[in-house]
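Please read the following report alongside the sequence and the 3D view. It moves from the cysteines to the strands and then to the charged side chains.

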Amino acid sequence: MQKYVCDICGYMYDPELGDPDNGIAPGTLFEDIPDDWLCPLCSVKKDDFSKTE
């Protein structure tokens, strides 16, 4: 599964872990996260995330 990193603070979204503290279940692909989800560390939108290599 593709991981994504926040361009602002470096937070790594790992789909295998999800973001359960913010309602995103483990196994949720980044593309399937609601558009109103924010980075749990710096509160930027999904547009400020990039695919990891």
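Is Cys9 buried, partly exposed or exposed? In this predicted model, Cys9 is partly exposed, with a relative accessible area of 35%.

**Cysteines**

The sulfur of Cys9 has its closest cysteine sulfur in Cys39, at 3.7 Å, which is too far for a bond. A second case concerns Cys42, whose sulfur lies 3.6 Å from the closest cysteine sulfur, that of Cys6, and here too the separation is too far for a bond. Because a disulfide requires the two sulfur atoms to be within 2.5 Å, neither the 3.7 Å of Cys9 and Cys39 nor the 3.6 Å of Cys42 and Cys6 qualifies, and the count of disulfides by this rule is zero. Cys42 itself is partly exposed, its relative accessibility being 27%.

Cys42 can also be placed relative to Ala25, a residue in the loop between β2 and β3. Ala25 and Cys42 are separated by 17 residues in sequence, and their C-alpha atoms are 20 Å apart in space. Ala25 is partly exposed, with a relative accessible area of 41%.

**The sheet**

Three strands make up an open sheet, arranged in the order β2-β1-β3 and paired in antiparallel fashion. The edge strands are β2, covering residues 12–13, and β3, covering residues 49–51, and each of them pairs on one side only. Strand β1, which spans residues 4–6, is joined to β3 by three bridges, the two strands running antiparallel. Within this pairing, Val5 has Ser50 of β3 as its bridge partner. In general terms, the strands of a sheet pair through backbone hydrogen bonds, in either a parallel or an antiparallel manner.

**Charged side chains**

Side chains that carry opposite charge can pair when their charged atoms come close. How many salt bridges does the rule give for this model? The count comes to two, and both are set out below.

| Salt bridge | Closest N and O atoms |
|---|---|
| Asp14 and Lys3 | 3.7 Å |
| Lys46 and Asp35 | 3.8 Å |

In the salt bridge between Asp14 and Lys3, the closest N and O atoms are 3.7 Å apart. This pair links distant parts of the chain, since Asp14 sits in the loop between β2 and β3 while Lys3 belongs to the segment before β1, eleven residues away. Asp14 counts as buried at 14% relative accessibility, whereas Lys3 is partly exposed, with a relative accessible area of 36%.

The salt bridge between Lys46 and Asp35 has its closest N and O atoms 3.8 Å apart. Lys46 and Asp35 are likewise described as linking distant parts of the chain, eleven residues apart, although each of them is in the loop between β2 and β3. Lys46 is buried, with a relative accessible area of 11%, whereas Asp35, at 67% relative accessibility, counts as exposed.

**A further contact of Asp14**

Which backbone atom lies 3.0 Å from a polar atom of the side chain of Asp14? It is the backbone nitrogen of Glu16. The side chain of Asp14 therefore takes part both in the salt bridge with Lys3 and in a contact that fits the 3.5 Å limit for polar contacts, the distance to the backbone nitrogen of Glu16 being 3.0 Å. Asp14, found in the loop between β2 and β3, is a buried residue, with a relative accessible area of 14%.

Key: Residues are numbered from 1 along each chain as its sequence is written. This is a predicted model: local features need pLDDT of at least 70, side-chain atom pairs count only at pLDDT 80 or more; totals for chains, interfaces and linings use all residues. Side-chain values use heavy atoms; hydrogens and water are left out. Two strands pair if DSSP finds at least two bridges between them. Helices (H or I, at least four residues) and strands (E, at least two) are DSSP runs, numbered from the N terminus. A salt bridge is a side-chain nitrogen of Lys or Arg within 4 Å of a carboxyl oxygen of Asp or Glu. Buried means under 20% relative accessible area, exposed over 50%, partly exposed in between (1.4 Å probe, protein chains only). A polar contact is a pair of N or O atoms within 3.5 Å; within protein, one must be able to donate a hydrogen and the other to accept it, and residues adjacent in sequence count only if both atoms are side-chain atoms.
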